[in-house]
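Me: Could you take a close look at one part of this model for me? I'd like to hear how a helix is built and what packs against it.

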Amino acid sequence: MKLTLKSSFGGFQHKQSEKPLRQIEDPFVTAGIVAIEILCGKQFETCSSEELINATNFLIDLYMTPAWAKDLFSIFPNSKYINPSLKDKKRTESINFLTNLIKRINTPHENDYNICQFCGRPSDNASYAKTEIPLAGSSLFTNFFPSFQEGIYVCPRCVLAIQFSPLLCYKAGGKPCLISSGNRTLLFEYGKEIIHTLKLRYSSGEFNDKENSGLYDEKFKNPENALFNLAYKFSSKYVIEGICSGSESIILYHLDNYNQNPKGISIYHLPSNIFSFVSSVMNSPQYKSAWYSLLSRHYAHQSRQNIDLPVWKTSKNRIHSFLLENKSIIWAFKDDKSMSPIIPWDLIENYCKKVRFMNQQRINDIKICADRIAETIRLKNNKKRLQAIVSSKTLEEFRNQIRLAMVDWQKLGKEDPMIEFDQFTRIMIPGDYRGWTEVRDLIVVRLYEQLHDILAKESEEESELIQLSEEQQ
């Protein structure tokens, strides 16, 4: 099934094409093709030379501004757009470069042994380095290229597309971030928002000030937070509008193509299972509120330099980091000081299934076990058992507390076992023992939830005693 979406740019209807060129997985080429299609209002393959030239004129108008010149140093270092040695010839040289690419797109190539490294089409004799292709390497160091070539062979079509890719970049941490997704329609819709904003900023003269950012910038200082901000936006807006499903994958390429940084790029990948979880959170007012409350507890200390910006734009968040590193965050779903859950159990189940890939049977068994431990604590008024489970530091300590809870259960005269032996060994404690802390944390969260009334009463009584003691002093 093809998705058709109407665009505000000339009534162009964007379709997910099956043409091989438009399925290139290189993020720079893909972003550039999407930007060209938005500017021209039609499919890239059907754009005439005149339409492409009109699009390049807009591109050059942006690139020649002081704001854009600063950002392009990290994308096309020492290119014709920003090379200081060209002085007043930057515009002319840039126009000639792009116009020449457009002319060569429809020119038959005499040599078919040079193949474009992006799309596989025949290339010409021209080779390109990092000044035209981000991260390609410098032509001065031929050992970076196959057979000691002076660059890489790329067809004019892909080179032209790459020149437009910065239009869809998202600035974070002071550097460009290229957004990539397997869903081209998602990129197209978000690209429309970006280019519309760029046009408004250009018309207002904002790009004439080099202190401003040329790239689309929401002032995020941390790329991880920027990636999750996109995920929150896409899942709450585009999923509802049918532009994307609830299981997209998003990649943020944090670029630094400038000569001083040998690393060149950092990649932040938000897989489809995390996007699916985020989507379920963002589309539930209750879950959304609880999730933001959780995030607010785990931001790093805010720098004084960024005091004017909200903390969620400037400071790293451990929850975001753990999710991207595929580490468990179940430990964060509870507050041991107040002995209360931070996240509702339904959302925790959702996280366990979608992010930690727990099966529903195991989750149910953990829940039943925790509920029965809560029942024994309540009936025997044994809050020490709760404290002992919470403070378990090793598997042996935790396993012993579960065993003691089983004894308490039998002393209450229960006929059925609290948990069967097979469940205990096969589901509660996996064979490799790596997941026991997750089991402990899940049980503790459930205990806090089930014993909330008596724990809250106890906390209230302690507060009253402290207040009375202070008054007597």
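Reply: Happy to; here is a walk along helix H7 and its partner H6, with two other helix pairs for company. This is a predicted model, in which local features need pLDDT of at least 70 and side-chain atom pairs count only at pLDDT 80 or more, while totals for chains, interfaces and linings use all residues. Residues are numbered from 1 along each chain as its sequence is written, and side-chain values use heavy atoms, with hydrogens and water left out.

Let's start with H7, residues 223-241. Helices here are DSSP runs of H or I, at least four residues, numbered from the N terminus. At 1.5 Å a residue, its 19 residues should span 27 Å, and the end C-alpha atoms are 26 Å apart, which agrees; the expected span is 1.5 Å times one less than the number of residues. H7 has a kink of about 30°, centred on Phe-234, where the bend is the angle between axes fitted to the seven residues ending there and the seven starting there. At the N-terminal end, Asn-222 is the cap, with a side-chain oxygen 3.0 Å from the backbone nitrogen of Glu-224. After H7 comes Gly-242, with a positive phi near 80°.

Now for H6, residues 184-203. Its 20 residues should span 28 Å at 1.5 Å each, and the ends are 28 Å apart by C-alpha atoms, in agreement. Asn-183 caps its N-terminal end, placing a side-chain oxygen 3.0 Å from the backbone nitrogen of Thr-185. Just after H6, Gly-205 has a positive phi of about 80°.

How do the two meet? The axes of H6 and H7 come within 12 Å and cross at roughly 105°. That makes H6 roughly perpendicular to H7, a label for angles of 65 to 115 degrees, with over 145 called roughly antiparallel, under 35 roughly parallel and the rest oblique. Axes are lines fitted to C-alpha atoms, for helices over the stretch in contact, and angles run from 0 to 180 degrees between N-to-C directions. Leu-186, Glu-189, Tyr-190 and Glu-193 of H6 touch Leu-230, Lys-233, Phe-234, Lys-237 and Tyr-238 of H7, contact meaning heavy atoms within 4.5 Å. Phe-234, the centre of the kink, is thus also among the H7 contact residues.

For the other pairs, H1 (residues 27-40) and H2 (residues 49-63) pack at about 105°, axes 10 Å apart. H8 (residues 272-282) and H12 (residues 345-354) pack at about 165°, axes 9 Å apart, which makes them roughly antiparallel.

Terms used: Helices (H or I, at least four residues) and strands (E, at least two) are DSSP runs, numbered from the N terminus. A polar contact is a pair of N or O atoms within 3.5 Å; within protein, one must be able to donate a hydrogen and the other to accept it, and residues adjacent in sequence count only if both atoms are side-chain atoms.
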